[in-house]
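Biologist: Hey, I'm new to this one. Can you walk me through it?
Modeller: Sure, let's pull it up and start with a helix.

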Amino acid sequence: MTAWQVSLDEFAARLERQGSRSAPLSARTQTAYHSDARRVAAWLSGHGVAGPDSVTASSLEAAFRGLGWSAATRARALTAIREWLAPGSPAGRSPADLLERPKVHAPPIPRLSVAEATSLVEAPDERDPDDPLAVRDRALVELLYGSGLRRQEVCDLVLAGLDFEHETVRVVGKGGRSRTVPLTEPSVSALRDWVLDARPALVFASRAPGVPDAVFLTRSGRPMDGSAVYRVVARRLREMGRGGGPHLLRHAAATHLLDGQGEGGAHLRVVQEVLGHASLATTQRYTGVTTKSIQAALKRGHPRG
């Protein structure tokens, strides 16, 4: 086994250990980091670098140029390569520390107006209104827009996390962090119709072993995955002449809260908590709010609150 392979195997094991800690790396991040290291190792090995101990800043720079990575991929790769070549070492000890981190400019996020969002969630379904999937889809889009959840967070919701009395839902977000998110009144109503009236029919018809505890199910009674959630939202958006998916509703929930189209109130930090952002800077970028506007009084309320 080559020195490159030994080093990459050790890196994969470290990533897996990090994935089981209290602030874990997601499986997707682990895969991306290991892929970055593997591709850099292959390029360096193919261009005469003997092994990980022989990597220099200049050879890394040549690898990045040779791989033709975008600024965003390069920025992520610098973090991955640093952890691969110099795990736990002080800043400056890894050759990756000597390379300039590119500035990554996030593309503008498409916006959904309040009128468009309202049309989306209230649009009549061409299916029989008593069809369990029609009831499910209405609850799904109400929840995505009303509480700004991520697609995977919706997939991971369990019945025990729903609290109709207090109108909240318990959500497990990125890094395994859980939070309690308030529900809008239309969301509560739609979720009641789904969970109490329509969902049992799918559970009864299911051939899957056991009784699923996931809130949202497919017609076969199995938990919905991310692609299924995306298809539901994308179909409804297409019907109104728009592209996009669940993230468009998440962005709309945040911006409409901050714009204050309805009654009540929403400060930026409230939106940060609802969205489950670890950093306020993420919320600020995500919602397009400037520092100046943060200091000003924010208009309040969600249009469907």
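Modeller: This is a predicted model, by the way. In α1, the buried residues are Trp4, Ser7, Leu8, Phe11, Arg14 and Leu15.

Biologist: Where do those buried residues fall when you look down the axis of α1?
Modeller: They fall within an arc of 120°, so they line one face of the helix. As a rule, an α-helix has 3.6 residues a turn, so residues three or four places apart point the same way.

Biologist: What covers the buried residues of α1?
Modeller: The cover includes α2 (27–46) and α4 (71–85).

Biologist: And how many residues does α1 have?
Modeller: Helix α1 has 16 residues, running over 3–18. From first C-alpha to last it reaches 23 Å, close to the 22 Å expected at 1.5 Å a residue.

Biologist: Back to α4 for a sec. At what angle do α1 and α4 pack?
Modeller: About 105°, and their axes are 9 Å apart. Angles of 65 to 115 degrees count as roughly perpendicular, so α1 is roughly perpendicular to α4.

Biologist: Which residues make that contact?
Modeller: On the α1 side, Trp4, Ser7, Leu8, Phe11 and Arg14. On the α4 side, Ala80, Glu83 and Trp84.

Biologist: Let's switch. I clicked on Val154, so where is that, and is Val154 buried or exposed?
Modeller: Val154 sits in helix α7, residues 151–155. Val154 is buried, because its relative accessible area is 1% and the cut-off for buried is under 20%.

Biologist: Which residues is Val154 in contact with, leaving aside neighbours within four places in sequence?
Modeller: Leu140, Leu144, Leu149, Phe216 and Val229.

Biologist: Zooming out, how many helices and strands are in the chain?
Modeller: The chain has 13 helices and three strands. Of its 305 residues, 45% are buried. Also, among contacts with a separation of 6 or more, 61% are between residues 24 or more positions apart.

Biologist: Last topic, confidence. What's the mean pLDDT of the chain?
Modeller: The mean is 80, and 76% of the residues reach 70 or more. Confidence is highest in strand β1 (residues 162–163), at 93, and lowest in helix α13 (residues 291–295), at a mean of 40.

Biologist: Where is the pLDDT below 50?
Modeller: Residues 261–265 are one such stretch, with 16 contacts in the model beyond near neighbours in sequence. Residues 289–300 are below 50 too, and that stretch has 26 contacts in the model, again beyond near neighbours. Where pLDDT is low, the predicted coordinates should not be read in detail.

Conventions: Residues are numbered from 1 along each chain as its sequence is written. This is a predicted model: local features need pLDDT of at least 70, side-chain atom pairs count only at pLDDT 80 or more; totals for chains, interfaces and linings use all residues. Side-chain values use heavy atoms; hydrogens and water are left out. Helices (H or I, at least four residues) and strands (E, at least two) are DSSP runs, numbered from the N terminus. Buried means under 20% relative accessible area, exposed over 50%, partly exposed in between (1.4 Å probe, protein chains only). Contact means heavy atoms within 4.5 Å. The expected span of a helix is 1.5 Å times one less than its number of residues. The arc is that of the directions from the helix axis to the C-beta atoms. pLDDT is the predictor's confidence in each residue, from 0 to 100. Axes are lines fitted to C-alpha atoms, for helices over the stretch in contact, and angles run from 0 to 180 degrees between N-to-C directions. Angles under 35 degrees count as roughly parallel, over 145 as roughly antiparallel, 65 to 115 as roughly perpendicular and the rest as oblique.
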